[in-house]
Amino acid sequence: MIRIVLAEDQGMLLGALASLLELEEDMTVVGKATTGVEAVALVKEKKPDICILDIEMPLMTGIEAAETLKEEACKIIILTTFARTGYFNFARAAGVSGYLLKDSPSDDLARAIRTIMSGRKVYAPELMDMMSSNDNPLTEREGQVIQLISEGKSTKEVADHLKIKTGTVRNYVSVIYEKLHVTNRIEAISLIEEKGWFK
């Protein structure tokens, strides 16, 4: 029997998911959580085979919970509405075994659980498509410039840090905006965060 802990902050969806999984002959839901903190505590207490985590939950996100549970024997599946490469990259870095989207057919979840229990990883096909067309257009130096700007550094501070002229920093910023098709630093930073390009 595959023992599962579910974490989802929307009560109705949590109940529906639990009911669906309980219909499977080889699965049982041993715990339900509405926050990442509860999910971590349940996994440590119940020792399930699989923990299914939503990403955006109170107190601790699904990705933070996955990071915390890295040392546990439990396999982690992220189940989310967000098909964002940034989230996907963070989830993979946290060592999750699956990243699935909530709008997938319900059969997909049970199938994914069995596949993961057999030792393989399962990622939503939409994300794999996005990853293949998601090459970062910025050079390493351009990445350093925008990273420092995202940390709140002024043009002069960026120049001092990288030992280049302020005019050179401004040139880099113009090139970054052009490559990313944005008009200001806020747009640039949020796009880079969404794509998961910050180191």
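These exercises walk through a predicted model, each with a worked solution.

**Exercise 1. The sheet**

Find the order of the 6 strands in the open sheet, and say which strands are the edge strands.

Solution.
- Step 1. Trace the sheet across. The order is β2-β1-β3-β4-β5-β6.
- Step 2. Check the sense of pairing. The pairing is parallel. In general, strands of a sheet pair through backbone hydrogen bonds, either parallel or antiparallel.
- Step 3. Look at the two ends. The edge strands are β2 (27-33) and β6 (122-123), and each of them pairs on one side only.

**Exercise 2. Two strand pairs**

Over how many bridges do β1 and β3 pair, and which residue is the bridge partner of I4? Then turn to β4 and β5.

Solution.
- Step 1. Locate the strands. β1 covers residues 2-7 and β3 covers residues 50-53.
- Step 2. Count. These two strands pair in the parallel sense over 4 bridges.
- Step 3. Pick out I4. Its bridge partner in β3 is I50.
- Step 4. Move along the sheet. β4 and β5 pair in the parallel sense, over 4 bridges. Here T80 stands opposite L101 in β5.

**Exercise 3. Helices on the sheet**

Which strands does helix α1 lie across? Which strands does helix α4 touch?

Solution.
- Step 1. Take α1, residues 11-22. This helix lies across β1, β2, β3 and β4 (75-80).
- Step 2. Read its direction. α1 runs at about 165° to β2.
- Step 3. Take α4, residues 85-93. This helix packs on the sheet and touches β4, β5 (98-101) and β6.
- Step 4. Compare directions again. α4 makes about 150° with β5.

**Exercise 4. Around F88**

Name the aromatic cluster that contains F88, and describe each ring pair.

Solution.
- Step 1. Count the pairs. The structure holds 2 aromatic pairs.
- Step 2. Describe F88 and Y99. Their ring centres are 5.3 Å apart, with 75° between the planes. Planes over 60 degrees apart count as edge-to-face, and this pair is edge-to-face.
- Step 3. Place these two residues. F88 lies in helix α4 and Y99 in strand β5, so the pair ties together parts that are 11 residues apart in sequence.
- Step 4. Describe F88 and Y123. The ring centres are 4.9 Å apart and the planes are at 80°, so this pair is edge-to-face.
- Step 5. Place Y123. This residue is in strand β6 and F88 is in α4, so the pair ties together parts 35 residues apart in sequence.
- Step 6. Put the pairs together. F88, Y99 and Y123 form one aromatic cluster.
- Step 7. Add a charge. R92 lies over the face of Y123, at 6.0 Å from the ring centre.

**Exercise 5. Buried or exposed?**

Decide whether F88, Y99 and the rest of β5 are buried or exposed.

Solution.
- Step 1. Recall the cut-off. Buried means under 20% relative accessible area.
- Step 2. Test F88. Its relative accessibility is 0%, so F88 is buried.
- Step 3. Test Y99. Its relative accessible area is 0%, so Y99 is buried.
- Step 4. Look at both faces of β5. G98 and L100 lie on one side, Y99 and L101 on the other, and all are buried. Both faces are covered.

**Exercise 6. α4 meets α10**

At what angle do α4 and α10 pack, and which residues meet?

Solution.
- Step 1. Find the geometry. α4 and helix α10 (residues 185-195) pack at about 45°, with their axes 5 Å apart.
- Step 2. Classify. That angle makes α4 oblique to α10.
- Step 3. List the residues. T85, G86 and N89 in α4 meet E193, E194 and K195 in α10.

**Exercise 7. Positive phi**

Where do K47 and L59 sit, and what are their phi values?

Solution.
- Step 1. Start with the background. Most residues other than glycine have a negative phi.
- Step 2. Take K47. Its phi is positive, about 50°, although K47 is not a glycine. K47 sits in the loop between α2 (36-46) and β3. With 52% relative accessible area, K47 is exposed.
- Step 3. Take L59. Its phi is positive too, about 70°, and L59 is not a glycine. L59 is in the loop between β3 and α3 (62-68). At 71% relative accessibility, L59 is exposed.
- Step 4. Find a neighbour. V37, in helix α2, touches L59 and M60. V37 is partly exposed, at 40%.

How values were computed. Residues numbered from 1 in each chain as written. Predicted model: local features only at pLDDT ≥ 70, side-chain atom pairs only at ≥ 80, totals over all residues. Heavy atoms only, no water. Pairing = 2+ DSSP bridges. Contact = heavy atoms within 4.5 Å. Axes fitted to C-alpha atoms, helices over the stretch in contact; angles between N-to-C directions. Phe/Tyr/Trp six-rings, centres within 6.5 Å; stacked < 30°, edge-to-face > 60°. Buried < 20%, exposed > 50% of the residue type's maximum accessible area, 1.4 Å probe, protein only. Lys NZ or Arg CZ within 6 Å of the ring centre and 35° of its normal. Parallel < 35°, antiparallel > 145°, perpendicular 65-115°, else oblique. Lists of a residue's contacts leave out its neighbours within four places in sequence.
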